[in-house]
Amino acid sequence: MKTPQGLQTLIEDGVIDEVLRPLKSGKEAAVYIVRSGDKVRCAKVYKDSAQRSFQQRVQYQEGRKVRGSREARAIGKASKYGRKQQEVAWKNTEVDALFQLRDAGIRVPEPYGYFHGVLVMELVTDAEGFSAPRLGEVELSAETAREYHRVLVRQVVRMLCIGLIHGDLSAYNVLIGLDGPVVIDFPQVVSAGGNNAARAMLLRDVNNLTAHLGRWAPELFETWYGEEMWAMFEAGELRPDSELTGEFEPDESEVDLDSIRQSINDAREEALIRQQGREAAAEE
């Protein structure tokens, strides 16, 4: 395998010693398994903006803070320098979020550093020591599905308590490690207090998890954890250890219940389509 240029620089600088193999390539970045001394880790090489397919970046960037007034002005003017700084800020977002989330006790890959545009972090493994599968790739019992849902809802609550929302959470952004679910992929993380679409994104994240795990535990379809935690957050009552019931009584004069249910159904269908696509690809 030819070593990618971004990783070759890390080898020359002594950050890593060897690239072992590719792990995955997605819409935002390519991830490789690397060796650093006697430790096996992973390195995330971000794609340039021209190569990325992630849509609606403007919506995700609303409310994000930029380091330095000059950079902020340049980004606002969309100058060449501003576009470059926007790209730097986009790449820094995940790095900053990982350190914040780790410090808040949220189970994410341990970040080891950000070097020349490459994020080096923990390789999450399963009980046999192999790279952990995604939640969307494993079969579950009803009991395990309920437990994973409980754990992941608690992770979403902890994120919200430090003002962050994943923004693209699904069964394919969760790894099943030795100690349970690990949330990954944060370049699109959203500011809960500074983004007008924050509530909608939070509900979509929770609905995506519920839609997937409800396939094994259908009673989850009748829960309203996203709405409940957002109401507590808005009221200033949400804490990392807040007890949630999954029950919620919306103000029917202000809330379109049909739209909420439709969003849940859409999330279910999207999860099913993704799964069918992956199964078809595996058969080919």
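Visitor: Leaving aside neighbours within four places in sequence, which residues is Met229 in contact with?
Guide: This is a predicted model, where local features need pLDDT of at least 70, side-chain atom pairs count only at pLDDT 80 or more, and totals for chains, interfaces and linings use all residues. Residues are numbered from 1 along each chain as its sequence is written, and side-chain values use heavy atoms, without hydrogens and water. Contact means heavy atoms within 4.5 Å. On that basis, the partners of Met229 are Val153, Val156, Val157, Leu160, Leu202, Val206, Leu238 and Leu244.

Visitor: Which helix gives the largest share of the largest nonpolar core?
Guide: A nonpolar core is a set of buried Ala, Val, Leu, Ile, Met, Phe, Trp, Tyr and Cys residues joined through side-chain atoms within 4.5 Å. The largest one has 53 residues, and Leu135, Ile165, Phe186 and Met229 have the most contacts inside it. Its largest share is 8 residues, from residues 142–161, helix H5.

Visitor: How many residues are in the second, separate core?
Guide: Leu7, Ala30, Ala43 and Val120 are among its members. The count is 11 residues.

Visitor: Why is one side of S1 and of S4 left without a neighbour in the sheet?
Guide: Helices (H or I, at least four residues) and strands (E, at least two) are DSSP runs, numbered from the N terminus. Two strands pair if DSSP finds at least two bridges between them. The open sheet of 5 strands pairs antiparallel in the order S1-S2-S3-S5-S4. Strands S1 (18–25) and S4 (111–115) stand at its edges, so each has a single partner strand.

Visitor: What is the bridge partner of Ala43 in S5?
Guide: Strands S3 (residues 39–46) and S5 (residues 118–122) run antiparallel and are joined by 5 bridges. In S5, Ala43 is bridged to Val120.

Visitor: Is the aromatic pair of Trp230 and Phe233 stacked, edge-to-face or tilted?
Guide: Rings of Phe, Tyr and Trp (its six-membered ring) pair if their centres lie within 6.5 Å; planes under 30 degrees apart count as stacked, over 60 as edge-to-face and the rest as tilted. The structure holds 1 such pair. Both residues lie in helix H7 (residues 225–234), 3 residues apart. Their ring centres are 5.1 Å apart and the planes stand at 45°, so the pair is tilted.

Visitor: Is Trp230 buried or exposed?
Guide: Buried means under 20% relative accessible area, exposed over 50%, partly exposed in between (1.4 Å probe, protein chains only). Phe233, at 24%, is partly exposed. Trp230 has a relative accessible area of 8%, so Trp230 is buried.
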